[in-house]
Amino acid sequence: MAHSFFSSLHELDMTGLPDSVPGRTPAGLTTSFITDILVKACVEVSKHKLELQRRKSRRHKGSSGVARASAALRLPGVDVLADLCTAKCSYETLRKVIRARATGPLRLKCREFQAKQLPPYKIVRLLRSLDPSRVRRVNIYLSFSGFKELSFILPHLLRFPQLRSLQLQVRGVGLQQVTPELAIKIRSVSRLLGMLPSLRELNLGCSKISGNLHQLLWDLQAPLNSLELNDCSLVPADLTFLSQSFHAPALKILDLSHLKISQGLLEPLQLLLEKTSASLLHLYLSGCDMADSHLDTLIPTLQRCSRLRFLDLSYNPLSMAALKNLLQKTLELPYLQLVVYPEPKECCHMESSELGVIKKVADKELLAAAAAEISQLLENSGRTDIVWTYDRDNHRAPDYFSL
């Protein structure tokens, strides 16, 4: 029975366990945890196959008997499609399993690959070991690295024809002062990005690229549908370039979290949102130091984003009055489904910890009352289909590939 089952099974899709963005899995089931389980399963099944071969060989003496035993165990193997995440502790085992895919009974096929806390040469080794036919997303986290390392890694992504999503988080790198040498490296990275013909989602989160967005995106051959620039120290010139680029009218997801709106970025942001208004589905403006006056200025532009489904305004110092005004003004958006709002200023107070650290603390009763008032406003307006919540962690917008 088992032989018949495995001989007829050609592919096992494990990417839906669970169905979410890598690293955002519920109930503690992280992508790293699932990767470890799959790797261990591949190792154990391979060991089991070898043990069965040894037993069969002892049972059937002579060369003809060994041949019959081997033929009896010669199953076609099963391709296991999975999203893989690796770090220092799991690197060696994962690499061995991936490299043995041609002969192993379970062959890991990667759909989405995520590398954390690995030096560039180990990332490259894993990328070279992956079957290129199924990879659609690569997420790379580099700590205190630079564009020299990106220039080393990116050429190895050219072998993935279906690569549509790329996340490059390069922490500890600042481009505020670009030397001639650094300019050459940025140019190299831009050229390599331009050689990824299927790329439609780019995440440069936490990369301090002040004033250099146009150099990085200059060589892209097709417009992006998703651009995440969370905590990138953007300046007005970056937003101006983006609003004038061929990406703006194609953007469905735009993440500008931690954009310092008060630093001359309000008008460039308005212009960019106007250019994206016909296509934009998800907008992230979390932690932007957005005051009531900034939001009031942006509301007319937000009203023109006719396809908007998701809006994240968390961690901004907004009042309850400003939030209620936003609610009333955006009721006319027909596709709006989810708004993540900050804890209103009236519900919070500053508190000093035992260590002398001053932090904002929300009053639970006041916060519950504010949430109830917002729910009542939605009910009175006949828009109970819209979810307004301050619980950012448990309410996330769908992934790019789910759009």
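# Exercises: helix pairs and single residues

In this predicted model, helix α4 passes helix α5 in a left-handed crossing. Let's start there and work through the rest.

## Exercise 1: the α4 and α5 pair

Work out how α4 and α5 are oriented to each other, and find which residues make the contact.

**Solution.**

Step 1. Find the two helices: α4 covers residues 91-99 and α5 covers residues 120-129.

Step 2. Look at the geometry. The axes are 9 Å apart, and the packing angle is about 25°.

Step 3. Angles under 35 degrees count as roughly parallel, so α4 and α5 are roughly parallel to each other.

Step 4. Now pick out the contact. On the α4 side you'll find Y91, R95, I98 and R99, and on the α5 side K122, R125, L126 and S129.

Step 5. Sort these residues by type: three are nonpolar, one is polar and four are charged.

## Exercise 2: a residue beside that pair

Is T86 buried or exposed, and what does T86 touch?

**Solution.**

Step 1. Place T86 first: it sits in strand β2, which is made of residues 78-86.

Step 2. Check the relative accessible area. For T86 the value is 0%. Buried means under 20%, so T86 is buried.

Step 3. List the contacts, skipping residues up to four places away in sequence: Y91, L94, F113, Q114, A115, K116, L118 and L126.

Step 4. Link back to Exercise 1. Y91 of α4 and L126 of α5 take part in the helix contact, and T86 touches both Y91 and L126.

## Exercise 3: the α12 and α13 pair

Do the same for α12 and α13: how are they oriented to each other, and which residues make the contact?

**Solution.**

Step 1. Here α12 is residues 320-330 and α13 is residues 364-380.

Step 2. Their axes come within 11 Å and cross at roughly 20°.

Step 3. Use the cut-off of 35 degrees again: α12 and α13 are therefore roughly parallel to each other.

Step 4. As for handedness, α12 passes α13 in a right-handed crossing.

Step 5. M320, K324, L327 and Q328 of α12 meet A370, E373, I374, L377 and L378 of α13.

Step 6. By type, that contact has six nonpolar residues, one polar and two charged.

## Exercise 4: two residues to compare

Decide whether S319 is buried or exposed, do the same kind of check for R392, and list what each one touches.

**Solution.**

Step 1. S319 lies in the loop between β10 (310-312) and α12.

Step 2. S319 has 8% relative accessibility, so it counts as buried.

Step 3. Apart from neighbours within four places in sequence, S319 is in contact with D292, P344, K345 and E346. The side chains of S319 and D292 are joined by a polar contact of 2.6 Å.

Step 4. Now R392, which is in the segment after β14 (387-389). With a relative accessible area of 27%, R392 is partly exposed.

Step 5. Leaving out residues up to four places away in sequence, R392 touches S286, D312, S314, Y315 and V340. The C-alpha atoms of R392 and Y341 are 8.2 Å apart, although the two residues are 51 apart along the chain.

## Exercise 5: zoom out

What share of the residues is buried, and how many helices and strands are there?

**Solution.**

Step 1. Of the 403 residues in the protein, 49% are buried.

Step 2. The secondary structure comes to 13 helices and 14 strands.

Step 3. For the contacts with a separation of 6 or more, 81% involve residues 24 or more positions apart.

Terms used. Residues are numbered from 1 along each chain as its sequence is written. This is a predicted model: local features need pLDDT of at least 70, side-chain atom pairs count only at pLDDT 80 or more; totals for chains, interfaces and linings use all residues. Side-chain values use heavy atoms; hydrogens and water are left out. Axes are lines fitted to C-alpha atoms, for helices over the stretch in contact, and angles run from 0 to 180 degrees between N-to-C directions. Helices (H or I, at least four residues) and strands (E, at least two) are DSSP runs, numbered from the N terminus. Angles under 35 degrees count as roughly parallel, over 145 as roughly antiparallel, 65 to 115 as roughly perpendicular and the rest as oblique. A crossing is left-handed if the near helix is turned anticlockwise from the far one by less than a right angle, and right-handed if clockwise. Contact means heavy atoms within 4.5 Å. Ala, Val, Leu, Ile, Met, Phe, Trp, Tyr, Cys and Pro count as nonpolar, Asp, Glu, Lys and Arg as charged, and the others, Gly among them, as polar. Buried means under 20% relative accessible area, exposed over 50%, partly exposed in between (1.4 Å probe, protein chains only). A polar contact is a pair of N or O atoms within 3.5 Å; within protein, one must be able to donate a hydrogen and the other to accept it, and residues adjacent in sequence count only if both atoms are side-chain atoms.
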